[in-house]
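Q: Please take a close look at one part of this structure and describe how the elements around that part are arranged.

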Amino acid sequence: MEYAKNILETIGNTPLVKLNSLTKGLPCLVLSKYETFNPGNSTKDRMALKMIEDAEADGRLKPGGTIIEGTSGNTGMGLALAAIVKGYKCVFVISDKQSKEKMDILRAVGAKVVVCPTNVEPTDPRSYYSVSKRLSEETPNSWYVNQYDNPSNAKAHYESTGPEIWKQTDGKITHFVVGVGTGGTISGVGKYLKEQNPNIKIWGVDTYGSVFKKYHETGEFDENEIYPYITEGIGEDILPENVDFSLIDGFTKVTDKDAAIYTQKLAKEEGMFLGNSAGSAIKGLLQLEKEFTKDDIVVVLFHDHGSRYVGKMFNDEWMRERGFIEDENTTAEDLVKN
Ligand code: PMP
């Protein structure tokens, strides 16, 4: 018989899938590291398990303890799955910008969810950074995960995602393109790939309203770059320790509108039902067109699943309200055409 001893053993070893339609105009081969095959439907399962294992190993997380984290959903899902198998409780602090589906999903896997306002300074006592920190100080036998600065985050991708991509491409990968939030994915994968071949280019996808691109280019933390945005999962108004800027060759920024439209396009034109940051990642990759030549093998990582966004990017009313689509006068002819 061949079976996994528990759900955590199914984390990782996700497929690499070629893009065929959206990338038609590019000279190179574009492959996606399709992370929704993880049991929690996102790449974050990898780092969630790694952060827990490392915290168990050095005693930060003790039997029966409570795991506390500020999470936009996917890390929470990974932590919750591991907590169920390993016997921990979970409290997640989430910002009110996140989709209702994400909050419901976390509650469905047994976590307590605390919702905080998005548009306050990180240092404001109401921010999700501050609330998660305070709750961890007040809760006995608790462990504050802090995925932004926890080195086990990037390490998980250094130990699993990076080696998988290298092996699956027979070491032929030339470019890696990925959205950046905590920085764990880009830094872990980037470090592994550059150690195998320093010529591999590592590109980060950022969003308007986030500090990464400007900081990478100028070394200046420019407050003017920070403003509210809709894109989920990528971009920050802080500099997480997990972003290793020295490994990154460049950033490209994608608008909220493009990210939303390309999330829909991935579903409708590739049959890839993915989350909002996948739309950002593929649009970012297309913006980098001039970087690629015919022999290149470009890998883009898709972080999470479309089911978490059915009330948002996959809802035309939501898209219309934000001016992302204008198709009020759809005719019968249009419907047949599409
Ligand atoms: N996309 C989604 C949907 C995410 O949840 C995250 C994590 N915040 C990212 C992209 C960015 O990944 P990382 O935190 O590893 O930079």
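A: In this predicted model, a suitable place to begin is Asp-206, which stands opposite Lys-253 in strand E9. Strand E8 (residues 201–207) is joined to E9 by 5 bridges, and these two strands run parallel. In general, the strands of a sheet pair through backbone hydrogen bonds, in either a parallel or an antiparallel manner.

E8 and E9 belong to an open sheet of 6 strands, ordered E1-E2-E10-E7-E8-E9, with mixed pairing. Strand E1 (16–18) and strand E9 (250–254) are the edge strands, each of them pairing on one side only. From one strand to the next, the twist averages 25°.

Helix H6 lies across E8, together with strand E7 (175–179) and strand E10 (297–302), and runs at about 170° to E7. H6 also meets another helix: its axis and that of helix H5 (residues 151–168) come within 7 Å and cross at roughly 50°. This angle makes H5 oblique to H6, and the crossing is right-handed. Among the residues that meet here are His-157, Tyr-158 and Trp-166 in H5, and Val-189, Tyr-192 and Leu-193 in H6. The residues of this contact divide into 9 nonpolar, 9 polar and 2 charged.

The ligand completes the description. Its shell consists of 17 residues, and the closest are Gly-181, Thr-182, Thr-185, Gly-233 and Ser-277. Helix H6 (residues 184–196) contributes the largest share of this shell, namely 3 residues. By character, the shell comprises 12 polar, 3 nonpolar and 2 charged residues. Thr-185 is among the residues closest to the ligand, and Thr-185 in H6 is also listed in the contact with H5.

Key
Residues are numbered from 1 along each chain as its sequence is written. This is a predicted model: local features need pLDDT of at least 70, side-chain atom pairs count only at pLDDT 80 or more; totals for chains, interfaces and linings use all residues. A residue is near a molecule or strand if its C-beta atom, placed from the backbone, lies within 6 Å of it. Helices (H or I, at least four residues) and strands (E, at least two) are DSSP runs, numbered from the N terminus. Ala, Val, Leu, Ile, Met, Phe, Trp, Tyr, Cys and Pro count as nonpolar, Asp, Glu, Lys and Arg as charged, and the others, Gly among them, as polar. Axes are lines fitted to C-alpha atoms, for helices over the stretch in contact, and angles run from 0 to 180 degrees between N-to-C directions. Angles under 35 degrees count as roughly parallel, over 145 as roughly antiparallel, 65 to 115 as roughly perpendicular and the rest as oblique. A crossing is left-handed if the near helix is turned anticlockwise from the far one by less than a right angle, and right-handed if clockwise. Two residues are in contact if their C-beta atoms, placed from the backbone, lie within 7 Å. Two strands pair if DSSP finds at least two bridges between them.
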